[in-house]
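Please look over the structure below before reading the notes that accompany it. The notes deal with overall build, charge pairs and one helix.

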Amino acid sequence: MKKNYFQTDWQDFVAHATADIATLGVDGLLDGFMIKNPYFSSEDIYRLSLQILQACGLRYSQAEFISCPSCGRTQYDIERIAEEIKNATQHLIGLKIGIMGCIVNGPGEMADADYGVVGNGKDKVTLYKGQQPFSRSIPQEEACKALVDLIKQHGDWKEK
């Protein structure tokens, strides 16, 4: 499949390309694809292509993140923490990392993650290894570093 796009807005381009390609990929009807857009760099398009392949379960090139949107029970800055964690760990191919807002639903929703961060109070999180809580009441400012340390302790860390 070869497709040219001309959206000038990145999010609009991502939505169109993903809708076109992922539908075929998930259904097993895709042997390959090439997308072009003159408004974005080939490196950005390459990264998008890898993300689409990973979302379809066809090729894994970075960590997989499981997260839920914030709700009224979330008492920490989940958006900022999720971004920090993603930036620090996305190179860990094959790992699933859950970042959940609240202690009520978070542990169940990230049950198949290798590691997780779940809110458990005002500006506090609990770290998980698999389904087991590992460290509780970690200040949100220390969440990313503590998660990286946990991943290293269990031998799943690889340098970039």
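The report below goes from the whole chain to its salt bridges and then to helix H2.

This is a predicted model, in which local features need pLDDT of at least 70, side-chain atom pairs count only at pLDDT 80 or more, and totals for chains, interfaces and linings use all residues. Residues are numbered from 1 along each chain as its sequence is written, and side-chain values use heavy atoms, with hydrogens and water left out.

**Whole chain**

The chain contains 5 helices and 7 strands, where helices (H or I, at least four residues) and strands (E, at least two) are DSSP runs numbered from the N terminus. Their order along the sequence is β-α-β-α-β-α-β-α-β-β-β-α. Along the principal axes, the C-alpha atoms fill a box of roughly 50 × 35 × 30 Å.

Of the 160 residues, 40% are buried; buried means under 20% relative accessible area, exposed over 50%, and partly exposed in between (1.4 Å probe, protein chains only). The accessible surface is about 9000 Å², and carbon and sulfur atoms account for 50% of that area. Accessible areas come from the Shrake-Rupley method with a 1.4 Å probe, and for residues only the protein chains shown count as cover. A contact means heavy atoms within 4.5 Å. Among contacts between residues at least 6 apart in sequence, 49% join residues at least 24 apart.

**Charges and salt bridges**

The chain carries 17 positive and 21 negative charges, and the mean positions of the two sets are 3 Å apart. Lys and Arg count as positive and Asp and Glu as negative, while His and the chain ends are not counted. Each charge is placed at NZ of Lys, CZ of Arg, CG of Asp or CD of Glu.

The whole structure holds 7 salt bridges, each being a side-chain nitrogen of Lys or Arg within 4 Å of a carboxyl oxygen of Asp or Glu. The table lists some of them.

| Positive residue | Negative residue | N to O distance |
|---|---|---|
| Lys3 | Asp20 | 3.7 Å |
| Arg47 | Glu43 | 2.8 Å |
| Arg80 | Asp77 | 3.4 Å |

What does the salt bridge between Lys3 and Asp20 tie together? Lys3 lies in strand E1 (residues 2-4) and Asp20 in helix H1 (residues 10-26), so the pair links parts that are 17 residues apart in sequence. Lys3 is partly exposed at 33% relative accessible area, and Asp20 is partly exposed at 28%.

For the pair Arg80 and Asp77, the relative accessibility of Arg80 is 31% and that of Asp77 is 31%; Arg80 counts as partly exposed, and Asp77 likewise counts as partly exposed. Elsewhere, salt bridges that share partners join Glu43, Asp44 and Arg47 into one network.

Arg47 and Glu43 are 4 residues apart in helix H2 (residues 42-55), a separation of about one helical turn. Arg47 is partly exposed at 40% relative accessibility, whereas Glu43 is exposed at 52%.

**Helix H2**

Helix H2 has 14 residues and spans 20 Å from its first C-alpha to its last, close to the 20 Å expected at 1.5 Å a residue. The expected span is 1.5 Å times one less than the number of residues in the helix.

Which residues of H2 are buried? They are Ile45, Leu48, Ser49, Leu50, Ile52, Leu53 and Gln54. Their cover includes H1, strand E2 (34-36) and strand E3 (64-67). After H2 comes Gly57, which has a positive phi near 75 degrees.
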